[in-house]
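Colleague: I would like a close look at one part of this model, the pocket. Please set the scene first, then go through that part in detail.

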Amino acid sequence: MDSVRRETQRDPVNHDPELNPFLMRRDEIALQSNCLMWGIRVTIPPKLRPQVLKELHLRHIRVVKMKAIARSYIW
């Protein structure tokens, strides 16, 4: 058991700051149709974020309204 504990502490995944938002919400995150969901929001993979942001900006609605709409559907 000590070796498992020691190696867990050394594992770089356990110390990756990019995973902090997911670790804080781990009880609220689910996989649905092979998409990572936080409640009703779809978690956008990093590779697709620029494309999603571009799509949001194409709508030319006010910035505050665009952010509110985006936050209600994506994370």
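How much area does the protein expose, and what share of it do carbon and sulfur atoms supply? After that, which residues line the largest pocket, and which helix gives the most to the lining?

Modeller: One caution before the numbers: this is a predicted model. The protein exposes about 6800 Å². Carbon and sulfur atoms supply 59% of that area.

Now the frame. The protein has four helices and three strands. Along the sequence they follow the pattern α-α-β-β-β-α-α. The C-alpha trace spans about 55 × 20 × 20 Å along its principal axes. The radius of gyration is 17 Å, whereas a compact globule of 75 residues would have one near 11 Å. Of the 75 residues, 8% count as buried. Take the contacts with a separation of 6 or more: 42% of them join residues 24 or more positions apart.

Next, the pocket. The largest one holds about 200 Å³ of space. Its lining consists of Ile44, Arg49, Val52, Leu53, Leu56, Met66, Lys67, Ala70, Ile74 and Trp75. Two helices, α3 (49-58) and α4 (63-73), each supply at least two of these residues. The biggest share comes from α3, with four residues. Those from α3 are Arg49, Val52, Leu53 and Leu56. Met66, Lys67 and Ala70 fall within α4. Sorted by class, the lining has eight nonpolar residues, two charged ones and no polar ones. The charged pair is Arg49 and Lys67.

Thr43 is worth a look from here. This residue sits in the loop between β3 (41-42) and α3, and α3 is the helix that gives the most to the pocket lining. Is Thr43 buried or exposed? Thr43 counts as buried, because its relative accessibility is 9% and the cut-off is under 20%. Look at its contacts beyond four places in sequence. They are Phe22, Leu36, Met37, Trp38 and Trp75. Trp75 is also one of the residues that line the pocket. Leu36, Met37 and Trp38 belong to the range of β2 (35-38).

The other end of α3 leads to Ile61, in the loop between α3 and α4. At 35% relative accessibility, Ile61 counts as partly exposed. Outside its neighbours within four places in sequence, Ile61 is in contact with Met66 and Ile69. Met66 is one of the lining residues too. For a sense of scale, compare Ile61 with Met24. They are 37 residues apart along the chain, and 32 Å separates their C-alpha atoms.

Met24 falls in helix α2, residues 20-24, which also holds Asn20. At 39% relative accessibility, Asn20 counts as partly exposed. Glu7 is 13 residues from Asn20 along the chain, and their C-alpha atoms are 20 Å apart.

Last, the loop between β1 (29-32) and β2. Two of its residues are Ser33 and Asn34. Ser33 has a phi near 50°. Asn34 has a phi near 60°. Each of these values is positive in a residue other than glycine. What about accessibility? Ser33 is exposed, because its relative accessible area of 68% is over the 50% cut-off. Asn34 is exposed as well, at 73%.

To recap the part you asked about: the pocket holds about 200 Å³, and its lining draws on α3 and α4.

Key. Residues numbered from 1 in each chain as written. Predicted model: local features only at pLDDT ≥ 70, side-chain atom pairs only at ≥ 80, totals over all residues. Heavy atoms only, no water. 1 Å grid on protein atoms, 1.4 Å probe; cavity = no way out; pocket = protein on both sides within 12 Å on 5 of 7 lines; lining within 4 Å. Points joined across faces, edges and corners; volume = space filled by probe spheres on them. Buried < 20%, exposed > 50% of the residue type's maximum accessible area, 1.4 Å probe, protein only. Contact = heavy atoms within 4.5 Å. Rg over C-alpha atoms; globule rule 2.2 N^0.38 Å. Areas by Shrake-Rupley, 256 points an atom, 1.4 Å probe, with all protein chains shown as cover.
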